[in-house]
Every structure is written in structure tokens, then in C-alpha cells.
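Reader: I would like to go through one interface with you. Please justify each label as you use it.

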Amino acid sequence: MKNSFFSRFTPKEPKFFPLLRQLAEILSDASDTLVESMGHDSPSDRADYYKRIKDFERNGDKLTHTIFDELGTTFITPFDREDIHDLASSIDDVIDGINSCAKRIHIYNPRPISDSGKELALLIQQEAECIIKAMDELETFRKKPAALRGYCAKLHDIENHADDLYELFIKKLFEEEKDCIEIIKIKEIMYELEKTTDAAEHVGKILRNFIVKYA
Amino acid sequence: MKNSFFSRFTPKEPKFFPLLRQLAEILSDASDTLVESMGHDSPSDRADYYKRIKDFERNGDKLTHTIFDELGTTFITPFDREDIHDLASSIDDVIDGINSCAKRIHIYNPRPISDSGKELALLIQQEAECIIKAMDELETFRKKPAALRGYCAKLHDIENHADDLYELFIKKLFEEEKDCIEIIKIKEIMYELEKTTDAAEHVGKILRNFIVKYA
Amino acid sequence: MKNSFFSRFTPKEPKFFPLLRQLAEILSDASDTLVESMGHDSPSDRADYYKRIKDFERNGDKLTHTIFDELGTTFITPFDREDIHDLASSIDDVIDGINSCAKRIHIYNPRPISDSGKELALLIQQEAECIIKAMDELETFRKKPAALRGYCAKLHDIENHADDLYELFIKKLFEEEKDCIEIIKIKEIMYELEKTTDAAEHVGKILRNFIVKYA
């Protein structure tokens with residue numbers, strides 16, 4: 001039974017740290033599945049992998065909304081509401097990006113993914129691991145920000161590497177590939193992969209603001 | 001004559017409910033015009049329809065800025081300023097999306113729009129109707145949120161349907177169409193239509209937050 | 001040595017006006033370089049110009065983060081924190097857009113840029129000049145908003161002109177060009193140029209809100 005008076009004013013145990021870690025775990029699982037999917041090139045395998053990743057995307061969406069709802073009803077939050085909101089949103093955006101990558105591979109059904117495409121997926125996976133570890137710092141970084149700062153730097157470096165890899169690949173694609181439809185397919189998939197590494201770096205930028213503001 | 005002292009401190013009659021409804025009506029008119037446009041395939045008809053939709057887009061833009069200006073000068077608002085801001089913005093984004101669809105049809109001038117394209121336009125039209133009805137709940141949902149909750153659910157369902165429709169169509173397009181330039185045109189237009197159904201669902205997400213926060 | 005007590009409560013000299021002007025100057029330099037780059041069509045020249053513009057982009061990024069950090073630590077700010085945040089972000093977005101244009105020219109390496117492409121770059125350059133002048137009004141527009149209002153109107157007009165130019169060009173491109181791969185390259189570059197003029201107009205929209213709120 002809801003205690004309408006006290007439930008509004010008694011500080012609840014803030015569940016934000018485990019919820020954010022759980023969201024990062026969904027991201028990590030999705031990125032693992034994306035990496036795995038790239039070794040399977042039949043249309044039916046691609047459809048299956050997309051279905052699996054879409055499930056992660058939906059779970060991520062639900063969990064993000066749980067976090068938003070908690071923010072709307074919890075009396076005391078460990079950081080400013082909008083900061084927790086932005087952090088959860090930004091992690092969810094990476095999951096959405098992974099979903100878009102798998103969707104494009106499924107609906108465009110290009111030739112086997114290139115080594116550069118696989119490498120971008122591996123970079124997304126590394127970023128996801130980085131983000132999990134960063135979530136484990138949220139309770140302690142106010143006093144010891146060095147580890148969190150390190151993860152932000154790593155996210156930045158990975159994204160820079162992804163940029164270079166993407167640019168080199170697309171340059172070569174337009175020099176060498178003559179099949180226009182294949183160019184469209186590959187270009188769109190590689191673009192989405194690269195954009196997803198950007199989205200992961202954006203999580204790092206938000207965490208960097210946490211350090212400036214709270215540490 | 002402006003009463004510079006009292007005009008700042010006397011609560012004004014908040015005009016937000018009718019203004020938001022009016023914005024939703026512009027959206028609805030734009031979506032009707034988009035649906036109608038798809039039965040007219042000559043370049044000059046497409047140019048005309050784009051011109052008409054662009055007028056809606058401009059009116060939507062003006063009205064959105066009127067709402068923003070009211071927010072900046074009204075002493076008492078029925079919801080938090082940034083919530084009204086986000087709601088108006090999100091409705092305007094759907095109108096912008098419809099404008100982009102019509103623009104692409106005009107400048108790419110593809111073959112007659114496919115049945116799937118027409119169906120996506122009909123889904124946008126349904127979403128627009130949903131959003132109008134949702135605006136009519138804004139004054140009362142704090143006490144009776146069921147109807148508004150229903151519209152949010154419907155926006156979500158329509159968007160899911162649009163997703164499936166889009167994916168199936170693009171998959172088939174890349175399997176069957178061999179004309180590369182036509183693929184580019186159709187793909188870009190279908191992408192924009194689908195993105196517009198997303199934008200309409202985003203209005204539903206914002207309204208869902210209204211329920212959590214205010215009901 | 002950090003004075004932990006007083007450093008938090010003593011108003012610092014707000015450095016926001018010169019910092020924002022400096023950001024606008026980076027934007028202006030980047031736009032000058034983009035205009036210049038379009039007269040140089042060899043792959044190596046394009047690579048060089050991209051490299052130069054990427055340096056501006058990185059400097060813009062660093063300066064934007066300096067502004068964010070200042071916002072987090074300065075006690076008194078001349079406008080609401082989030083307004084300064086949005087203004088700096090929006091200027092940085094234009095620099096990012098210019099960087100994306102140069103990147104696409106480098107990695108797609110299309111035929112020499114068309115007159116319409118060059119004209120779009122010139123419009124971006126004009127917008128950048130407008131934004132510099134607007135920054136010079138930030139200290140005084142509360143009492144004399146006319147000049148700032150004029151720059152906002154000019155940004156709006158330039159963007160409208162860019163819209164028309166873009167639409168006309170793309171329409172003609174799809175009517176006349178038969179080389180599918182070249183269409184992809186040109187379409188993507190022109191799209192990014194047009195989007196960058198939008199980003200510059202968005203700075204104008206934010207400044208318009210400053211006038212409503214503070215003048």
C-alpha cells in the first residue's frame with residue numbers, strides 16, 4: 001500500500017548506481033553480439049543477429065525509462081537530475097547505434113563485412129567495456145577521480161582511432177569499388193559504425209563534465 | 001499601453017493549451033497534404049505540394065517561436081517551462097520531418113511513390129491525429145491520465161509498425177531494384193518518412209514524462 | 001595555491017565574452033579555409049586543407065570545453081549558465097559542420113566543386129562574419145538590441161538563400177548527372193554544406209532567445 005505522505009518525503013535508497021551499471025552491461029552485451037554477428041554472412045544469420053540486438057535495444061530503452069521515472073519520483077539523487085538523465089540517455093544512444101548497425105547489415109545485406117568494419121565493431125566493444133568500468137567509479141570518483149579520468153581519455157583515443165580507420169577505408173572504397181549499389185550499402189553501414197563510436201565517446205564527454213562538476 | 005510594472009508580476013491567462021493545440025493542427029494539416037501529394041506524380045504537382053507543405057512548416061516555426069517567447073515572458077506556466085519548450089519543439093520537429101519528405105520527393109523526383117511509402121505517410125497522419133487528441137488532454141490529465149496514456153501507447157505502436165514496414169521495403173528494394181540512382185532516391189525518401197514517424201513517437205515519449213511528473 | 005574557501009565564493013572576472021569571440025574567430029578562420037580549399041582539386045591539396053580545418057575543429061573543441069569548465073566553476077555568469085552553454089555549443093557545431101564538409105571532400109574526392117558548392121561555402125563564410133559581429137554585441141545588447149537583432153535576421157536570410165540554392169542544384173543534379181557514384185559524392189557534400197548553413201542559423205535562433213530573455 002502506498003503511503004502517500006511519507007513516500008514523497010522519506011529519502012529512498014538511490015538505485016541509480018546499479019541501474020546505470022545494468023544499462024552499461026546491456027550495451028556491452030549488444031556490442032559483443034555485434035562483433036560476433038560479423039563472422040556470419042548469410043541473410044538468415046544476419047536477420048537472427050539483428051533480432052537479438054533489437055532485444056537488447058528494447059531492454060536498454062525500458063531500463064532508461066525506468067531510470068527517468070526514478071528520477072521523477074526519487075527525493076534525493078546522488079547527482080543533479082539532468083546529469084543522471086543525460087548520462088543514461090547517452091549510454092542508451094550507443095545501444096541504439098549498435099541496433100542501427102545490425103539493422104543496416106540485415107536490410108542492405110552487403111558482401112561479407114570488411115576487416116575495417118570488423119575493427120570498428122571491436123572498437124565499439126572496447127568502448128563498452130570502458131563505460132562499464134566507468135560506471136563502477138561513479139560512487140567513488142569525487143574523492144579519487146583519476147580512474148574515471150583515465151576511462152574518459154581512453155574513450156577519446158578509441159574514437160580518434162575509429163575516425164582514422166573510417167576515413168582511410170571510405171577513401172579506398174571510392175577509389176577502388178565500382179559497384180554503385182555495393183558502395184551505397186557499405187558506405188551506410190560503415191558510417192553508422194563510426195557514428196556509434198562517436199556516441200560512445202559522447203558518454204566520455206558527459207563523464208568528463210561529472211569530474212569538473214563533482215570531483 | 002504596456003504597464004511595465006504590473007505586466008511583469010500579474011499572472012497572465014496562460015495561452016499555452018490553445019497554442020499547443022494550434023501547433024498540432026498545423027502538423028495534422030501538413031500530414032494530410034503529404035498523404036494527398038503522393039497521388040500526384042508530375043514534377044510540377046510535386047513542386048506545388050512541397051510549396052504548400054513548406055508554408056505549414058514556416059507557420060509551425062513561427063508558432064513555436066511564439067510559444068517560446070510566451071514562455072520567456074509569462075509569469076505563471078501550467079507546467080515547467082522546459083517541459084512546454086520540449087513539447088512544442090518535438091511537435092515542430094514532426095512538421096519539419098514532413099517538410100523534408102516533401103522536399104526530397106520534389107528535388108529527387110522519383111518514380112511514383114510505392115504503396116509502402118504511401119502507407120508510411122498514412123501512419124504519420126494517424127500519429128498527427130493522436131497528437132491533436134493528446135493536446136486536448138493537457139488540461140485534465142493530472143486527474144485522469146488514462147486517455148493521454150492511451151495516446152502515448154498508440155504513438156508507440158504506430159512507430160513500431162512503421163519500423164517493420166520500412167525494413168521490409170528496403171530489404172526488398174535492395175534485392176530487386178537494379179537502377180542505382182532510383183535506389184538512392186527511394187532510399188532517402190523512405191528513410192525520411194520513417195524518421196518522421198520516429199519524431200512523432202518522440203512527442204509521445206515527452207508526454208509520457210508529463211504523466212510521470214505531473215499526474 | 002588554491003584557496004578552497006574564497007575561490008568558491010569570490011566572484012571571478014567573467015571571461016565569457018572574449019572566450020565566445022575567440023570561438024567565433026576560429027569558426028571564421030575555418031570558413032575562410034573552406035572557401036579557399038574549393039579552388040584546389042588535387043587529392044593531396046584536399047588532404048592538406050582537411051588537415052588544416054581539422055586543426056581548427058580541435059581548437060574549437062578545446063575552447064568550447066574551456067568555456068564549459070569555466071561555467072562549472074565561475075560563481076557569477078553574465079547570462080544563465082545553460083544559455084552560455086547552448087551558445088558555445090551551437091558555434092562549435094558550425095565548426096564541426098565545416099570539418100565534415102572538408103572531410104567529405106577529402107575522402108570522396110569528387111570532380112572539382114561546382115559553382116553552387118562554392119557559393120554555399122561563401123554563405124557559410126558570411127554567416128561566420130555575422131556571428132563574430134554578434135559576439136561583439138553580447139556586452140551591450142540588453143540596452144541596445146537592434147544590432148544583434150539585425151545579425152539574427154541576416155543569419156536567417158542567408159540560410160533561406162542557401163536552402164533555395166541547394167534545392168535547385170540537387171534537382172538539376174538528379175536530372176542531368178548519370179554517373180551514380182559521382183551523384184553519391186556530390187549529393188553528400190552538398191548536403192553537408194547546406195546542413196552547415198542551418199547550424200549557423202541555429203546560432204541566430206539562440207541569440208534571438210537571448211534578446212527575448214535579457215533585452
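Author: Start with buried area: the accessible area, with a 1.4 Å probe, that two parts lose on being put together, summed over both. In this predicted model, chain C and chain A bury about 1600 Å² between them. Carbon and sulfur atoms give 59% of that.

Reader: Which three residues of chain C supply more of its area buried against chain A than any other three?

Author: Ile107(C), Ile181(C) and Ile184(C). Together they supply 31% of what chain C buries there.

Reader: What makes Lys54(C) and Glu167(A) a salt bridge?

Author: The cut-off is 4 Å between a side-chain nitrogen of Lys or Arg and a carboxyl oxygen of Asp or Glu. The closest N and O atoms of Lys54(C) and Glu167(A) are 3.8 Å apart. That pair therefore meets the rule. Across this interface the rule finds four salt bridges.

Reader: Which helix gives the largest share of the side of chain C that touches chain A?

Author: H3(C), with six residues. By class, that side of chain C has six nonpolar, two polar and eight charged residues.

Reader: How do you know what kind of axis relates chain C and chain A?

Author: Chain C can be laid on chain A by a turn of 120° and a shift of 0.0 Å along the axis, with an RMSD of 0.0 Å. The two copies are thus related as by a three-fold rotation axis. In chain C, the C-alpha nearest that axis belongs to Cys180(C), 3.8 Å away.

Reader: Why say that the copies use different surfaces?

Author: Just 12% of the contact residues of chain C recur in chain A. The contact itself joins 16 residues of chain C to 18 of chain A.

Technical notes:
Residues are numbered from 1 along each chain as its sequence is written. Chains are lettered from A and ligands numbered from 1 in the order in which they are written. This is a predicted model: local features need pLDDT of at least 70, side-chain atom pairs count only at pLDDT 80 or more; totals for chains, interfaces and linings use all residues. Side-chain values use heavy atoms; hydrogens and water are left out. Copies are superposed by least squares on the C-alpha atoms of residues with pLDDT of at least 70 in both. Contact means heavy atoms within 4.5 Å. Helices (H or I, at least four residues) and strands (E, at least two) are DSSP runs, numbered from the N terminus. Ala, Val, Leu, Ile, Met, Phe, Trp, Tyr, Cys and Pro count as nonpolar, Asp, Glu, Lys and Arg as charged, and the others, Gly among them, as polar.
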